[in-house]
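Hi,

Here is the structure I said I would pass on. Have a look at it first, and then read my notes below.

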Amino acid sequence: MTKAERALELFGSNFNCSQAVLTAFAADFGLDEHLTLKLGTSLGSGARSGEVCGAISGALMVLGLKYGQCLSEDHEGKARAYAVTDEFIRRFKAVRGSIVCRDLLDYDLSKPEDMVQIREQNLFRTLCPRIIADAVEVLEGVLADFE
């Protein structure tokens with residue numbers, strides 16, 4: 001099963017975008033899936049406010065696991081992590097135009113009237129899976145290119 005397939009399986013099992021993307025990569029870092037599912041919970045739906053898409057937040061956590069700074073004096077490592085983050089965001093924006101949930105959905109999840117439209121149009125089941133797959137594919141490309 002590919003990472004994108006795993007992320008979509010998780011999303012289809014009632015987990016949010018952030019949980020799905022992060023957890024699809026959990027085994028690569030020796031992380032327990034239950035822990036990553038918990039970690040990603042609060043970041044779904046743009047942290048429940050339509051801000052940065054949860055799929056992006058999940059991908060950025062994966063990049064942090066791979067390239068993140070863990071020593072205060074590791075300025076070079078921090079700079080590399082930021083460079084990888086910038087590249088991921090640049091590539092994702094090239095595919096989708098934005099990393100902001102409300103821009104990607106064309107509706108604001110924090111507005112009840114917009115949530116009605118999102119549900120009526122079934123965007124969580126039609127559009128969000130494509131966004132999740134794009135986030136995973138862009139993430140895999142960045143990870144491969146920065147090896």
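**Ser57 and the rest of what turned up**

Let me start with Ser57, which sits in helix α5, the stretch covering residues 54-67. Bear in mind throughout that this is a predicted model. Ser57 is buried, at a relative accessible area of 13%. Apart from neighbours within four places in sequence, the residues Ser57 is in contact with are Ser18, Leu43 and Val52.

Val21 is another one to click on. You'll find Val21 in helix α2, and it is buried, with a relative accessible area of 0%. If you skip residues up to four places away in sequence, Val21 touches Ala7, Ala55, Gly58, Ala59, Val62, Ile132, Val136 and Leu139. As for Thr41, which is 20 residues from Val21 along the chain, the C-alpha atoms of the two are separated by 11 Å.

Next, the cysteines. How many disulfides does the structure hold? Zero. Cys53 is in no disulfide, and the nearest cysteine sulfur to it, in Cys17, is 5.1 Å away. Cys53 also counts as buried, because its relative accessibility is 4% and the cut-off for buried is under 20%. For Cys128, the closest cysteine sulfur is again that of Cys17, at 4.8 Å, which is too far for a bond, given that a disulfide needs the two sulfur atoms within 2.5 Å. Cys128 is buried too, with a relative accessible area of 6%.

Helix α8 (residues 112-120) is worth turning around on your screen. Which of its residues are buried? Asp114, Met115 and Ile118 are. They span an arc of only 105 degrees around the axis, so they lie on the same side of α8. Pro112, Glu113 and Glu120, on the other side of α8, are exposed. Among the things covering the buried residues of α8 are α7 (101-105) and α9 (123-126).

Now some backbone angles. Most residues other than glycine have a negative phi, so I noted the ones that go the other way:

- Asn122, just after α8, takes a positive phi of about 60 degrees.
- Asp106 is not a glycine, yet has a positive phi of about 65 degrees. Asp106 is placed in the loop between α7 and α8 and is exposed, with a relative accessible area of 62%.
- Asn14, also a residue other than glycine, has a positive phi near 80 degrees. Asn14 belongs to the loop between α1 (3-12) and α2 (17-24), and is exposed at a relative accessible area of 67%.

Last, the largest pocket, which holds about 320 Å³ of space. What lies closest to its centre? Of the 20 residues in the lining, those are Phe11, Asn16, Cys17, Ser45 and Phe124. The elements giving two or more residues to the lining are α4 (44-50), α7, α8, α9 and α10 (128-145). By class, the lining has 12 nonpolar, five polar and three charged residues.

A couple of names come up in more than one place. Cys17 is the residue whose sulfur is closest to that of Cys128, and Cys17 is also listed among the residues closest to the centre of the largest pocket. Likewise, α7 and α9 help cover the buried residues of α8, and α7, α8 and α9 are among the elements that line the largest pocket.

Cheers

Conventions: Residues are numbered from 1 along each chain as its sequence is written. This is a predicted model: local features need pLDDT of at least 70, side-chain atom pairs count only at pLDDT 80 or more; totals for chains, interfaces and linings use all residues. Side-chain values use heavy atoms; hydrogens and water are left out. Buried means under 20% relative accessible area, exposed over 50%, partly exposed in between (1.4 Å probe, protein chains only). Helices (H or I, at least four residues) and strands (E, at least two) are DSSP runs, numbered from the N terminus. The arc is that of the directions from the helix axis to the C-beta atoms. Contact means heavy atoms within 4.5 Å. On a 1 Å grid over the protein atoms alone, a cavity is a set of points where a 1.4 Å probe fits but cannot get out, and a pocket is an open set with protein on both sides within 12 Å along at least five of seven lines; lining residues have an atom within 4 Å of a point. Grid points are joined across faces, edges and corners, and a volume is the space filled by probe spheres set on the points. Ala, Val, Leu, Ile, Met, Phe, Trp, Tyr, Cys and Pro count as nonpolar, Asp, Glu, Lys and Arg as charged, and the others, Gly among them, as polar.
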